[in-house]
Each structure stands twice: as C-alpha cells, then as structure tokens.
Amino acid sequence: MGAAAFCLAASPLLFYNLSDQGQTAASFEPQLGAEHLFYRLTLFAETLDGSALGRYMLSDPPESRLPFATPMPLLFLGALLLTPWRGDSHEYRLRRWAALAFLIAYPQTLIGKDVGVGAHHTVLLWPLPHLIVGGWLASWLNRGRTRQGLAVAVATLCVAANLGVIGSFVQSG
C-alpha cells in the first residue's frame, strides 16, 4: 500500500523521467562550497519564518528588524536536536520518523546545482519541520503543568508571529 501511494505521489516525476530517458538523474550536478551552503541554509531559515515567500510574492517585501520574522527556525532547530532516538512510544516513533525523513530529504537540496535555490524547494518539505516542532510541543503538553503552559505560550507566540508576517504581506501587497 505504501509503495502504491509513493508511486502515485511521484507519478509526475516518474512519467517525466520515463519519457525523457531519466533526465532528472542524468542532469544532476553537485555544487559544493561554503557560499553555496550558506545561501541554502539562509533560504531554509527564511522560508521557515515566512520572509522568503514575501520576496517571492511581493515586489516590495517588508524588512524585518529581527534576525527571524518568527521563532520557527529556532524552534525547529531545538525540536530537531531534542528528537528522542530511543523509546518505543507512538509519540517517539512519529517524531523519529519526521526527523529521519527531514534528515534524508533536506541534505539532498544542499548539494545539487539547481536544487533548493528557491523557496518552493523548502516549501515542498514544509510539513516536516512543522511536524517536528508540533510533535515536540505536543510532547510537552503531556509532561506537567509547567511544560503545558510553556507549550501553549510558544504555540501562541508562533501563531501571533505568523499573523504578523501575513499582516506585513497584506500591508506591502
């Protein structure tokens, strides 16, 4: 069932490669270097906080005075580092799966010449960073009143920051 779902989701890419003799794999060129890596990592952080899409969608995007427009890049990094690699609960398995899927998929965007150079490449991975942060926050909801309050406060901060990003897009749009 999983293989069938994968093939269905990948069918546009599969049909393209079948009709063009594997053009996607044949045209892959690695591109390495510090400048290239820094650009890709910066783009990833800007996509997570929403500012990269502002440059993509708006002719005059708003400027942020903060390093990040939302706390999402920092929350993602923290949640990824705190992924439980041991334990057999459903929660831990889901968090591990999301982290592994991200850690397998994202590095591939860092090494290809024309891969990961636009915000849309990160958006294709969009559910994984949010699932990782959501899993981390949800695990705090089950760990006592202090952590519940902190999880609710962090989630509220994220929602408020995202509404602020959307508001700035509307003002600039």
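## An all-helix chain and its core

Buried residues make up 32% of the 173 residues in the protein chain. The model is predicted. The chain has nine helices and zero strands, so its elements, read from the N terminus, run α-α-α-α-α-α-α-α-α. Among contacts with a separation of 6 or more, 66% join residues 24 or more positions apart.

### Three helices and their lengths

The table lists the end-to-end spans of helices 1, 8 and 9, together with the spans expected at 1.5 Å a residue.

| Helix | Number of residues | Expected span | Distance between end C-alpha atoms |
|---|---|---|---|
| Helix 1 (residues 2-19) | 18 residues | 26 Å | 24 Å |
| Helix 8 | 15 residues | 21 Å | 20 Å |
| Helix 9 | 28 residues | 40 Å | 40 Å |

For helix 1, the 24 Å between its end C-alpha atoms agrees with the expected 26 Å. Helix 8 reaches 20 Å, close to the expected 21 Å. In helix 9 the end C-alpha atoms are 40 Å apart, which agrees with the 40 Å expected for its 28 residues.

Helix 1 is bent: the angle is about 65 degrees at serine 11, and proline 12 follows within four residues. Serine 11 is also one of the buried residues of helix 1, and the others are Ala10 and Asn17. After helix 1 comes glutamine 21, which has a positive phi, near 50 degrees.

Helix 9 has its own buried residues: Ala151, Val154, Cys158, Ala161, Val165 and Phe169. An α-helix has 3.6 residues a turn, so residues three or four places apart point the same way.

### The nonpolar core

Which residues have the most contacts inside the largest nonpolar core? They are Phe76, Phe102, Ile132 and Val133, in a core of 21 residues. At least two residues of this core come from each of helix 3 (34-49), helix 5 (72-81), helix 6, helix 8 (127-141) and helix 9 (145-172). Helix 8 gives the most, with six residues.

The buried residues of helix 8 are Leu128, Pro129, Ile132, Val133, Gly135, Trp136, Leu137, Ser139 and Trp140. These buried residues pack against helix 3, helix 5, helix 6 and helix 9.

Phenylalanine 102 shows what surrounds one member of the core. Leaving aside neighbours within four places in sequence, phenylalanine 102 is in contact with Phe44, Phe76, Leu80, Pro107, Leu128, Pro129 and Ile132. Of these, Leu128, Pro129 and Ile132 are among the buried residues of helix 8.

Helix 5 also holds glycine 78. Is glycine 78 buried or partly exposed? Its relative accessible area is 23%, so glycine 78 counts as partly exposed, given that buried means under 20%. The C-alpha atom of glycine 78 is separated by 9.1 Å from that of tryptophan 136, although the two residues are 58 residues apart along the chain.

### Charged and polar side chains

How many salt bridges are there? The count comes to two.

One joins the side chains of aspartate 88 and arginine 93, with 3.0 Å from N to O. Aspartate 88 has a relative accessibility of 60% and therefore counts as exposed. Arginine 93 is partly exposed, because its relative accessibility is 34%.

The other salt bridge is between the side chains of arginine 95 and glutamate 91, with 3.5 Å from N to O. Both of these residues lie in helix 6 (residues 90-111), four residues apart, which is about one turn of the helix. Arginine 95 counts as buried, because its relative accessibility is 8%. Glutamate 91, at 23% relative accessibility, counts as partly exposed.

Serine 139 lies in helix 8 and meets this second pair. Leaving aside neighbours within four places in sequence, serine 139 is in contact with Glu91 and Arg95. Its side chain makes a polar contact with the side chain of arginine 95, at 3.4 Å. Why does serine 139 count as buried? The relative accessible area of serine 139 is 4%, and the cut-off for buried is under 20%.

Terms used:
Residues numbered from 1 in each chain as written. Predicted model: local features only at pLDDT ≥ 70, side-chain atom pairs only at ≥ 80, totals over all residues. Heavy atoms only, no water. Expected span 1.5 Å × (residues − 1). Bend = angle between axes of the 7 residues up to and from the residue. Buried < 20%, exposed > 50% of the residue type's maximum accessible area, 1.4 Å probe, protein only. Salt bridge = Lys/Arg side-chain N within 4 Å of Asp/Glu carboxyl O. Core = buried A, V, L, I, M, F, W, Y, C linked by side-chain atoms within 4.5 Å. Contact = heavy atoms within 4.5 Å. Polar contact = N/O pair within 3.5 Å; in protein donor to acceptor, adjacent residues only side chain to side chain.
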